[in-house]
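Here are my notes on this model, point by point. Please read them with the structure open.

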Amino acid sequence: MIKSFAQMQNESNFREQNCKYFNFKDDNGSLIRKRSGFVTFSDQPSLSTIIAERERERERSRRVRKMEVGFLGLGIMGKAMSMNLLKNGFKVTVWNRTLSKCDELVEHGASVCETPAEVIKKCKYTIAMLSDPSAALSVVFDKDGVLEQICEGKGYIDMSTVDAETSVKINEAITGKGGRFVEGPVSGSKKPAEDGQLIILAAGDKALFEESIPAFDVLGKKSFFLGQVGNGAKMKLIVNMIMGSMMNAFSEGLVLADKSGLSSNTLLDILDLGAMTNPMFKGKGPSMNKSSYPPAFPLKHQQKDMRLALALGDENAVSMPVAAAANEAFKKARSLGLGDLDFSAVIEAIKFSRE
Ligand SMILES: NC(=O)C1=CN([C@@H]2O[C@H](COP(=O)(O)OP(=O)(O)OC[C@H]3O[C@@H](n4cnc5c(N)ncnc54)[C@H](OP(=O)(O)O)[C@@H]3O)[C@@H](O)[C@H]2O)C=CC1
Ligand SMILES: O=CC(=O)O
């Protein structure tokens, strides 16, 4: 099909190169516009697209520089996440139950407060990353907690992995005082947290979610908005229930290979070449074969997630025998004193039960 110049100009990838326009009159005196040079169709962004993109980036930086974010809980995840916010230009005010853990963040430019209430008072937006439901509730409801200062105009974003009931309770308390709440548990461990590559499973106040996007974009590679409070918690527990079950099957396979006189390293190579290849087997397998479990995702937290996911299964009458068996192995590992090691240390419980 032959297209007119005007039609070509409407194509999204239309570009002009070295074009000059000449105006002259024809025999009837009508003004005619002639063009010299040539046009191309290119996937390269046009100058106007580049300028618009730069302007958007400048606007994003302006918003970030103005955003004062509070951060409660500087464990493995909270430390990496708040450090990322700092490195990306946010003003960050931190609090941790063990206050000395704030020192490293302060060295990188963070301010520190002595209580969660003080952080809330100071910041329009506060993120929490705490170990479990009881920690999440305590930081909100206890003396000097979030509730003492939360009010209209303030947003609270809890990214801890908890059950829906805990999240709903926190939401009711925060909104009851005029504040806004988003739950935003994350999928991804220590390294994705350090690299800003988490997957954020948010739910709750949509406007607060949208205002939090500049921070979420720094913390993660993708943010899902899942609707009402509780949905983020449930989705996270389902994801981790699958992860915990996979880790158990993987551990049993490694132990079985070894006990059958096969090389567990060769098993890793075989798995990596087939349909079951995944970053978890690839990342954890070699260190598991060396019985090394530096904590990225502590085993005690994985067991907490299995427990909470099984409770969700109970509520919904979903039979989950695989997850229940995996939970037993994590419980066994905890009873062996492995709770603070990485969750891959569950393999030790499997080795133990076969000795
Ligand atoms: N590690 C990981 O790979 C991932 C973890 N998660 C989830 O993120 C959350 C944090 O995990 P992670 O950073 O690994 O955990 P850590 O155990 O490293 O850190 C837990 C944090 O919670 C604080 N805390 C515990 N109990 C209380 C309490 N009663 N009152 C106040 N603060 C408390 C700790 O304070 P203190 O320093 O004083 O002990 C610490 O800041 C958990 O819900 C976990 O399931 C989600 C995705 C990945
Ligand atoms: O919750 C743990 C994770 O790796 O995700």
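1. Start at Asn 289. Asn 289 sits in helix α13. This is a predicted model, so read every value below as computed. With 17 other C-beta atoms within 10 Å, Asn 289 is partly exposed, because a residue needs 20 or more to be buried and 12 or fewer to be exposed. Beyond residues up to four places away in sequence, Asn 289 touches Leu 254, Ser 264 and Asn 265. Ala 317 is 28 residues from Asn 289 in sequence, and their C-alpha atoms are 37 Å apart.

2. Now Ala 317 itself. Ala 317 is in the loop between α14 and α15 (321-335). Ala 317 is not a glycine, yet its phi is positive, about 50°. Most residues other than glycine have a negative phi. Is Ala 317 buried or exposed? It counts as exposed, because only 6 C-beta neighbours lie inside 10 Å and the limit for exposed is 12 or fewer.

3. Asp 144 also deserves a look. Asp 144 has a positive phi of about 65° and is not a glycine. Its place is the loop between α6 and β7 (155-158). Asp 144 has 15 other C-beta atoms within 10 Å, so it is partly exposed.

4. Next, the overall layout. The protein chain has 16 helices and eleven strands. Of its 355 residues, 39% count as buried. Among contacts with a separation of 6 or more, 62% join residues 24 or more positions apart.

5. The domains. The assignment gives domain 1 (5-44), domain 2 (65-228) and domain 3 (235-354). The centres of domain 2 and domain 3, taken over C-alpha atoms, are 28 Å apart. At their contact, twelve residues of domain 2 meet 13 residues of domain 3. The domain 2 side of this contact has four nonpolar, four polar and four charged residues.

6. What the record says. An unreviewed UniProt entry annotates residues 68-227 as "domain: 6-phosphogluconate dehydrogenase NADP-binding". In the model, residues 68-227 are 41% helix and 24% strand, with end C-alpha atoms 26 Å apart. The UniProt annotation for residues 230-349, also from an unreviewed entry, is "domain: 3-hydroxyisobutyrate dehydrogenase-like NAD-binding". Residues 230-349 are 72% helix and 0% strand, and their end C-alpha atoms are 32 Å apart. Please keep in mind that such annotations may be inferred rather than shown by experiment.

7. Ligand 1. Where does ligand 1 lie? It lies between domain 2 (65-228) and domain 3 (235-354), because both give residues to the shell around it. That shell has 26 residues, the closest being Gly 75, Arg 97, Ala 135, Ser 189 and Phe 297. Helices α3 (76-87) and α6 (133-141) are the elements that each give two or more residues to the shell. By class, the shell around ligand 1 has eleven nonpolar, eleven polar and four charged residues.

8. Ligand 2. Which residues surround ligand 2? They are Thr 161, Ser 187, Gly 188, Ser 189, Asn 240 and Phe 297. Five residues of the shell around ligand 2 are polar, one is nonpolar and none is charged. Ser 189 and Phe 297 are also among the closest residues to ligand 1.

9. Pro 295. Pro 295 is in the loop between α13 (279-289) and α14 (299-315). Pro 295 counts as partly exposed, because 19 C-beta neighbours lie inside 10 Å and 20 or more would make a residue buried. Setting aside neighbours within four places in sequence, Pro 295 is in contact with Ile 76, Asp 340, Leu 341 and Asp 342. Pro 295 and Leu 308 are 13 residues apart in sequence and 21 Å apart in space, C-alpha to C-alpha.

10. Finally, the core. The largest nonpolar core has 81 residues, and Val 69, Ala 345 and Val 346 have the most contacts inside it. Helix α11 (residues 231-259) gives the largest share, seven residues. Domain 2 (65-228) and domain 3 (235-354) each supply at least three residues to this core. In soluble globular proteins, nonpolar side chains tend to be buried together. Leaving aside neighbours within four places in sequence, the contacts of Val 69 include Leu 85, Phe 90, Val 92, Cys 123, Tyr 125, Ile 127 and Ala 215. Lys 91 is also in contact with Val 69.

Terms used: Residues are numbered from 1 along each chain as its sequence is written. Chains are lettered from A and ligands numbered from 1 in the order in which they are written. This is a predicted model: local features need pLDDT of at least 70, side-chain atom pairs count only at pLDDT 80 or more; totals for chains, interfaces and linings use all residues. Domain bounds come from an automatic or database domain assignment. Two residues are in contact if their C-beta atoms, placed from the backbone, lie within 7 Å. Ala, Val, Leu, Ile, Met, Phe, Trp, Tyr, Cys and Pro count as nonpolar, Asp, Glu, Lys and Arg as charged, and the others, Gly among them, as polar. Helices (H or I, at least four residues) and strands (E, at least two) are DSSP runs, numbered from the N terminus. A residue is near a molecule or strand if its C-beta atom, placed from the backbone, lies within 6 Å of it. A nonpolar core is a set of buried Ala, Val, Leu, Ile, Met, Phe, Trp, Tyr and Cys residues joined through C-beta atoms within 7 Å.
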